[in-house]
Protein chains: 2
Amino acid sequence: MEARCSQLVLGLDPDPTQLWPRAAAGAPTTGAPAARAAAAVTVQCELLIDAAGPACVAVKPQLACFERLGDGGWAALATISGYARAAGLLVLLDGKRGDVPVTASAYAQALLGPTPTPFGELSGLGADAFTANPLLGRDSLAPLLDGAAASGAGVFVLVRTSNAGAADVEDATLEDGERLWERLARIVADLGRSRTGSSGLSDVGAVTGATEPQHLERMRELMPHAPFLLPGVGAQGGRVEDLGPAFAPGRAGGLIATSRAIADAYKGGRGDPARAAADEAERLRELAWTLAPA
Amino acid sequence: MEARCSQLVLGLDPDPTQLWPRAAAGAPTTGAPAARAAAAVTVQCELLIDAAGPACVAVKPQLACFERLGDGGWAALATISGYARAAGLLVLLDGKRGDVPVTASAYAQALLGPTPTPFGELSGLGADAFTANPLLGRDSLAPLLDGAAASGAGVFVLVRTSNAGAADVEDATLEDGERLWERLARIVADLGRSRTGSSGLSDVGAVTGATEPQHLERMRELMPHAPFLLPGVGAQGGRVEDLGPAFAPGRAGGLIATSRAIADAYKGGRGDPARAAADEAERLRELAWTLAPA
């Protein structure tokens, strides 16, 4: 983050019906629809990384957008993760996984590797970080955290998401007067206590939607050492200007994730998609870097 | 269920380090480890379906176990789903997905299809049902339910899972004295109200772990029309004998999912894995069918 003066994370949520013209043209002209779609999505993500990557520190592929392309989509995810890494970007896989312990271990293997088999070890996607859903409790998070620790990766646990419906469950008031997301925040802080490095930040982070910035101060109080992943800037209505409290521990305290604001920037009549994406990413990078305390 | 006199769901959680000898031998002897592992896992699942399938109504592939094999694992998942369908079994994909609405739509496309692309429509995995995580609230479930309704499929929403750690969050007491899982149960009942068919059962079901059977009566009170998916029988400690209240609406009220109890039945010195799996599945089928009200 220091080297790039950036807290920006490039969301990769490729939609095959919203491809940039060069990505659509980059697909093979023959072959099965799934293979052509996966190839086009790969080009789309590579063009996005080329354009907006220099203003970012990480990419955040949305697993659902690759899974809907089938096995070719899963292969594209691996290809794009490698492409991002070669461009100096971290890979933060957004799948919001959560399951009982034995299955959580399998998710850790899928996201991080390795998976032992009688035929040799499989490497997994080699994520630098990933998102996790805490509904199933601490024992469901433990294999994810242990897997992450073993491979030098981090986990961002959902605390308060950016969608309107988050109020239904995450905002439920508990008997002690706290909301459920405050309980989740306490779990994140607790799990991260022994995993805090010399930076003062833990490798157990929190997903804290940018659409409800009024909660950020309370979140910082509850999770002083957690890096915050802040989705929801742009299309979902969140504003970089409102995210100041996330950066209380310093500039590395918050990662601002945005996808459509960058990929669709050209739709405002700003011409070439790649140029518009580069300009918008640079604008957001500078805005966030200026805002955050040094 | 009537035709097969069964409420049993065959969990497919293949572990490449725990293959039946015939599955390990069924993999190609050369090639990349990932491809060999995916081939062996495919054989393992096919052998399990051959052996235990006749006593079951559905298979429940655990997505994590396929994802850890990479794109070949995702292809194996599609192959095995087709194999199960050809054996007359429904396919219940266990991925516990949950995300903001735009991403939830992409998960619906991945699990159910179709995904429109400029190159033609992609079919997705064509699930008959799948599991969903409700932490993100109603608007995150809506695209999953709508996708399911459009393709004649069902959704099982997590209410109270079978792991010990479920107590941390799902059992949190709310200000009105109810536990969070009761709130989730109310959401499930509410979402299913307009989706209840002539059977008296809704296409919005609930995942209600078999390890805490003392909650089942309360769950039935809150969700009189929801089919219950009951994981946790066998390795996790749940007992078929304790699941009676799930079947209050009739024999189709509960689906009993078990995986290791069947795949590992031979480990008790019972000889051939396929024969032991068939015997154990038949034993569980009969036990459940006898228990449930007609």
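This passage walks through the fold of one chain, the way two copies meet, and two helix pairs. The model is a predicted one, where local features need pLDDT of at least 70 and side-chain atom pairs count only at pLDDT 80 or more, while totals for chains, interfaces and linings use all residues. Residues are numbered from 1 along each chain as its sequence is written, and chains are lettered from A and ligands numbered from 1 in the order in which they are written.

Starting with a single copy, chain A has eleven helices and eight strands (DSSP runs numbered from the N terminus: H or I of at least four residues for helices, E of at least two for strands). Its C-alpha atoms fit in a box of roughly 60 × 50 × 35 Å along the principal axes. A compact globule of 294 residues would have a radius of gyration near 19 Å, and chain A agrees, with 19 Å (taken over C-alpha atoms; the rule is 2.2 Å times the number of residues to the power 0.38).

Within chain A, helix α2 (residues 33-52) packs against helix α11 (residues 273-291) at an angle of about 50°, the axes being 8 Å apart (lines fitted to C-alpha atoms over the stretch in contact, with angles from 0 to 180 degrees between N-to-C directions). That makes α2(A) oblique to α11(A) (angles under 35 degrees are roughly parallel, over 145 roughly antiparallel, 65 to 115 roughly perpendicular, and the rest oblique). On the α2(A) side, the contact uses A:L47, A:L48, A:D50, A:A51 and A:A52; α11(A) brings A:A274, A:A277, A:A278 and A:A281 (contact means C-beta atoms, placed from the backbone, within 7 Å).

Now for the pair of chains. A rotation of 180° with 0.0 Å of shift along its axis puts chain B onto chain A, with an RMSD of 0.0 Å (a least-squares fit on C-alpha atoms of residues with pLDDT of at least 70 in both). The two copies are thus related as by a two-fold rotation axis. Both copies use the same surface, as 100% of the contact residues of chain B recur in chain A. Each chain puts in 63 residues: 63 from chain B and 63 from chain A. On the chain B side, α5(B) gives the largest share, six residues.

Helix α4 (residues 71-86) of chain A also meets its counterpart α4(B), at about 165° and with axes 8 Å apart. That makes the two roughly antiparallel. Here A:D71, A:W74 and A:A75 face B:D71, B:W74 and B:A75.

Notes. Contact = placed C-beta atoms within 7 Å.
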